[in-house]
Amino acid sequence: MTLNGKTALVTGSTSGIGLGMAQAFARQGVHVVLNGYGDVDAAKAQVAAVAAAGVKIGYHDADMSKPAAIEALMAYAQADFGGVDILVNNAGIQHVAEVDQFPVERWDAIIAINLSSAFHTTRLALPGMKAKGWGRVINVASVHGLVASTAKSAYVAAKHGIVGLTKVAALETATTGVTVNAICPGWVLTPLVQKQVDARAQRDGLSNAEATRQLLAEKEPSGQFTTPEQLAELALFFCSPAADNVRGVAWAMDGGWTAQ
Ligand code: NAD
């Protein structure tokens, strides 16, 4: 595979799935633009530790809920990296509450970060990709882009939305060298999910291990988490020539969750 020298922007890449994807691209010789909050230096160090020789690692602190900040992020990628060849829309948050209890501010934040941000990055990245004749947009959706669960209205709406955006953008680029696809993970043990394990443990008076077992048993037939590394391998496949004609899919990696 000849991804060497291309540039990937991975939103929300200081943690979890995004960090795993950034590491996988850097290992392949892809320059990486990181984004997200928390321990940025640790994330940079973790990517640098596995990067191939010559890989440039950048960072931009754009708040993905803010269109103007996203424009600044894309301008930074253009100025310092010559644009984005591989766009991974990954930044995401969760909030759990039933519809009639759902805080309006959390609804707006989830739609902005988990859905609208991907519209903004994609609209800004596509012209450059089309001009170069090659590009990959990979949207980290979720099984919740395909099916619903209770108490996750904003998340499920945003993830169904990003699957729809994926299909439209894939159709609009279908005759070009740019492909647009979505990945739909089931449970992945990241900080986003650990919070849900902790809430269950507290609510039901369970140990971490038992709360984890119950969380998996409820939805995921394999009883296993998917790992960021496995998801990153799927992203690399989308970037390979074998996937040149994979367009507009919402590809589940979910231990059988959506097969039920
Ligand atoms: P995580 O909490 O480990 O990482 C989220 C990342 O997004 C972090 O880098 C965080 O700093 C960043 N982020 C949050 N708000 C941001 C903002 N306003 N601006 C910029 N960056 C922001 O979560 P994760 O589990 O790795 O989730 C990554 C993606 O995968 C999300 O879109 C999530 O919905 C999706 N996903 C996760 C799971 C799972 O089980 N963990 C399953 C399906 C889909």
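This passage describes the ligand site of a predicted model, followed by one backbone feature outside the list of ligand contacts.

The ligand occupies the largest pocket. Its shell consists of 30 residues. Ser15, Asn90, Tyr155, Val188 and Thr190 are the closest of these. By class, the shell holds 16 nonpolar residues, 12 polar residues and 2 charged residues.

Both domains take part in the site. Domain 1 spans 7-186 + 227-253, domain 2 spans 187-225, and each contributes at least three residues to the shell. Three helices each provide at least two shell residues: H1 (16-27), H5 (153-172) and H6 (191-204). The largest share comes from H6, which gives 3 residues.

Polar contacts to the protein backbone were examined next. At tyrosine 37, a backbone N or O atom lies 2.8 Å from a ligand oxygen. For glycine 12, the separation between a polar backbone atom and a ligand oxygen is 3.2 Å. For glycine 186, the corresponding distance is 3.4 Å, again to an oxygen atom of the ligand. On its own, the ligand has 830 Å² of accessible area, and the protein covers 93% of it.

One backbone angle was also noted. Alanine 151 has a phi near 70°. This value is positive, and the residue is not glycine. Most residues other than glycine have a negative phi. Alanine 151 sits in the loop that runs between strand E5 (135-140) and helix H5. Helix H5 is also one of the helices that supply at least two residues to the ligand shell.

Note on methods
Residues numbered from 1 in each chain as written. Predicted model: local features only at pLDDT ≥ 70, side-chain atom pairs only at ≥ 80, totals over all residues. Heavy atoms only, no water. Near = heavy atom within 4 Å. Polar contact = N/O pair within 3.5 Å; in protein donor to acceptor, adjacent residues only side chain to side chain. Areas by Shrake-Rupley, 256 points an atom, 1.4 Å probe, with all protein chains shown as cover. 1 Å grid on protein atoms, 1.4 Å probe; cavity = no way out; pocket = protein on both sides within 12 Å on 5 of 7 lines; lining within 4 Å. Sits in = over half its atoms within 2 Å of the grid points. Helix = DSSP H or I, 4+ residues; strand = E, 2+ residues; numbered from the N terminus. Nonpolar A, V, L, I, M, F, W, Y, C, P; charged D, E, K, R; others polar. Domains from an automatic or database assignment.
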